[in-house]
Amino acid sequence: MSDRLTKCPSCFLGVRWITDCISALQVDSYDVNVEEDLGEIQLIKIEKRKYWYQDDWYLKYITVKTPLGDYLEFPCYRWITDEKEIVLRDGRAKLPRDDKTQILKQHRRKELEDRQKMYRWKEWHPGFPLSIDAHSHSELPRDIQFDNEKGIDFILNYSKAMENLYINRFMHMFQSSWSDFADFEKIFVRISNTISEYVMQHWKEDFMFGYQFLNGCNPVLIRRCTEIPKKFPVTTAMVECSLERNLTLEEEVKQGNIFIVDYELLDGVDANKTDPCTIQYLAAPICLLYKNLENKILPIAIQLGQKPGPENPIFLPSDAMYDWLLAKIWVRSSDFHIHQTVTHLLRTHLVSEVFSIAMFRQLPAVHPLFKLLVPHMRFTIAINTKAREQLICECGLFDKANATGGGGHVQMVQKAMKDLTYSSLCFPEEIKAKGMDSQEDIPYYYYRDDGIKVWEAIKSFAEDVIHIYYESDEVVSEDVELQAFVKDIYVYGMRGVKASGFPKMIKTREKLAEYLTVVIFTTSAQHAAVNFGQYDWCSWIPNAPPTMRCPPPTEKGTVTIEQIVESLPDRGRSCWHLGAVWALSQFQDNELFLGMYPDEHFVEKPVKEAMAKFRKNLDEIVSTITERNKNKKLPYYYLSPDRIPNSVAV
């Protein structure tokens with residue numbers, strides 16, 4: 001529609017000819033010539049007539065060449081389905097205050113009204129962040145569905161993974177125990193020079209145990225210990241053989257050499273009871289770690305329950321070999337549960353879905369923040385919906401191998417919501433709050449080092465885009481669509497909990513830059529850091545048992561190798577676990593990595609220059625990480641930007 005046609009219902013320009021010429025799966029471009037002088041074009045309406053068969057049409061963009069030779073870009077990047085119509089604005093990003101004509105204001109308002117009917121909030125479980133109102137992937141709006149639903153079918157993918165790993169012959173062997181540790185190699189695929197093989201060879205060592213708290217697939221729990229908890233009564237006498245500085249335990253604490261990981265959240269969580277033939281167990285251990293003179297982080301004490309007492313002994317490196325090994329295995333199993341359900345599911349998948357739904361509901365396609373954020377929301381709602389349909393639902397795949405299946409994972413998310421705060425999603429702030437920010441004190445914390453570099457690159461990019469469209473803090477405060485987006489996240493995502501620290505509104509450009517960095521970092525880098533290392537660190541079953549089939553030991557000196565093997569997952573559960581961590585660690589076909597924006601939602605030159613600067617910064621980070629990783633037996637690459645997908649899509 002142009003300014004001369006605002007009173008007309010529509011203007012057809014050969015559209016029927018276009019759709020008639022497009023065949024299934026064909027990609028093409030078409031020219032449409034118009035003889036009339038249309039004046040200044042404000043909107044373009046695209047209609048598709050419905051045929052006897054489904055013939056959805058994906059439209060990337062429309063380019064209009066004016067009589068003066070100028071080009072106007074009208075980005076779409078959406079599906080046109082049934083007899084629906086799409087009305088497009090040109091690609092220049094506009095804030096609400098920039099729209100002066102009634103037709104543009106009305107178009108903006110109607111787009112959001114239509115989206116809010118399509119993207120509805122729904123409570124999946126009490127206390128959870130709200131999610132999309134859809135029972136299955138097929139119920140989602142076409143624009144956010146996967147192109148190929150088979151590609152994200154969890155049952156199909158896990159089964160295919162087990163077939164590719166040559167372990168499908170074991171997948172139904174539940175209740176069948178392995179003979180010994182070496183027996184696990186029957187399902188372990190050795191790929192030369194990989195982290196997974198190194199883990200298999202060194203998993204029993206205290207160094208490998210401690211290293212994973214820094215650079216494994218759950219490097220978010222360790223914190224500097226400022227005081228030994230009363231519930232964990234470790235004394236100097238217990239651990240003095242592990243201390244290397246001739247100091248007492250209390251003095252080591254004061255010098256900042258003691259670290260702690262507490263799995264208190266697992267206390268009271270119900271273990272999986274879906275298989276009456278296999279009793280499964282959970283523990284809520286506490287682990288004390290020590291930074292030795294070589295700056296290595298090593299475990300020095302483990303208590304497998306939260307309440308101290310005679311039946312809850314504190315295990316030490318000086319104990320019998322199998323006592324200490326089993327205590328470490330219990331910690332690794334507990335770490336796996338927290339990783340999967342809290343670090344991974346809640347703090348990346350569910351939070352990213354909140355960001356996605358709020359964006360679609362409150363930011364129209366013409367808004368600069370929609371254009372900035374939409375690449376980072378690609379397929380997130382779809383993958384989460386599929387997970388609720390097949391993976392984490394009642395009797396879903398998660399129940400097959402995990403001790404927190406059968407409802408325990410739901411309890412964990414509900415309990416973990418109290419710790420889901422805005423500040424905990426601000427990467428540098430969270431690292432500092434845990435006392436883990438000093439590179440001099442803790443030199444081998446690559447998750448921290450790389451994460452801060454990526455955070456700063458994203459923040460710089462966000463600042464550049466913000467300064468293009470928001471010339472002052474006042475403009476930020478007056479952006480009603482931005483404020484509605486922020487409010488939606490607070491009210492529905494964080495359930496209006498004031499203690500979450502999520503802002504209800506944003507008043508400054510500085511705060512907006514931080515907020516957008518939280519959104520983009522969470523949906524890209526944070527998810528990559530905790531997702532794509534799962535096969536590396538969890539494929540050797542004894543290093544990350546998804547379930548334990550015997551209760552935690554209550555006394556020292558009784559553990560045998562047979563008892564350990566009997567405690568570990570049986571053959572069937574081991575195979576389902578291995579298939580899961582393999583499938584979850586794979587990138588999508590045609591993955592788009594951080595800084596890759598093939599869909600040109602922005603058309604303005606200043607934004608494209610900001611994107612080029614962003615990519616340059618990311619390339620420099622890639623080079624730095626590549627250089628550091630040279631010749632390392634345990635390279636850390638999960639936060640290398642060329643391995644960080646733009647969005648949560650697996």
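Trainee: Just after helix H17, which residue takes a positive phi?
Mentor: Good place to begin, and keep in mind that this is a predicted model. Helix H17 covers residues 480-493. Just after H17, a positive phi of about 60 degrees is taken by Arg495.

Trainee: How far does H17 reach from its first C-alpha to its last?
Mentor: H17 has 14 residues, and at 1.5 Å a residue the expected reach is 20 Å. The model comes close to that, with a reach of 19 Å.

Trainee: At the start of H17, a side-chain oxygen of which residue reaches the backbone nitrogen of Glu481?
Mentor: Look at the start of the helix, where Glu481 is one of the buried residues of H17. The oxygen comes to within 3.2 Å of the backbone nitrogen of Glu481, and the residue that supplies it is Asp479.

Trainee: Which helices and strand do the buried residues of H17 pack against?
Mentor: The buried residues of H17 include Leu482, Phe485, Val486 and Ile489. They pack against strand E5 (121-122) and against helices H2 (102-118), H8, H9 (368-373), H16 (473-478) and H18 (509-531).

Trainee: Why does Arg108 count as buried?
Mentor: Arg108 has its place in helix H2, and among the residues it touches are Pro364, His367 and Glu481. Its side chain also has a polar atom 3.4 Å from the backbone oxygen of Leu95. Buried means under 20% relative accessible area. Arg108 counts as buried because its relative accessibility is 5%.

Trainee: Which residues touch the most other members of the largest nonpolar core?
Mentor: This core holds 160 residues. Helix H8 (residues 321-362) gives the most to it, with 20 residues. The members that touch the most others are Ile222, Tyr470, Phe485 and Trp537.

Trainee: Which residues of helix H4 are buried?
Mentor: H4 spans residues 195-202 and is mostly covered, with seven of its eight residues buried. What covers them includes helix H5 (206-215) and helix H19 (534-538). Trp537, for example, is in contact with Ile195 and Val199. The buried residues of H4 are Ile195, Ser196, Glu197, Tyr198, Val199, Met200 and His202.

Trainee: In strand E1, which side chains are buried?
Mentor: There is a handy general pattern here: in a regular strand, side chains alternate between the two faces of the sheet. E1 shows such alternation, with Lys45 and Glu47 pointing to one face and not buried. Pointing to the other face, and buried, are Ile44 and Ile46.

Trainee: What is the bridge partner of Ile46 in strand E4?
Mentor: E1 pairs with E4 (residues 85-88) in the antiparallel sense, over four bridges. Within E4, the partner of Ile46 is Ile86.

Trainee: Which residues does the "binding site" annotation cover?
Mentor: This one comes from an unreviewed UniProt entry. One covered residue lies in the loop between strand E1 (44-47) and strand E2 (57-65), and the other lies in the loop between E1 and E2 as well. According to the record, the two are Asp55 and Asp56.

Trainee: Is Asp55 buried or exposed?
Mentor: Leaving aside residues up to four places away in sequence, Asp55 touches Lys48 and Arg49. The cut-off for buried is under 20% relative accessible area. Because its relative accessibility is 18%, Asp55 counts as buried.

Trainee: With which side chain does the side chain of Asp56 make a polar contact?
Mentor: Leaving aside neighbours within four places in sequence, Asp56 is in contact with residues including Lys48, Trp79 and Thr81. The polar contact is at 3.4 Å, and the side chain on the other end belongs to Arg142.

Conventions. Residues numbered from 1 in each chain as written. Predicted model: local features only at pLDDT ≥ 70, side-chain atom pairs only at ≥ 80, totals over all residues. Heavy atoms only, no water. Core = buried A, V, L, I, M, F, W, Y, C linked by side-chain atoms within 4.5 Å. Buried < 20%, exposed > 50% of the residue type's maximum accessible area, 1.4 Å probe, protein only. Helix = DSSP H or I, 4+ residues; strand = E, 2+ residues; numbered from the N terminus. Contact = heavy atoms within 4.5 Å. UniProt positions renumbered as here; feature names shortened; annotations may be inferred. Polar contact = N/O pair within 3.5 Å; in protein donor to acceptor, adjacent residues only side chain to side chain. Expected span 1.5 Å × (residues − 1). Pairing = 2+ DSSP bridges.
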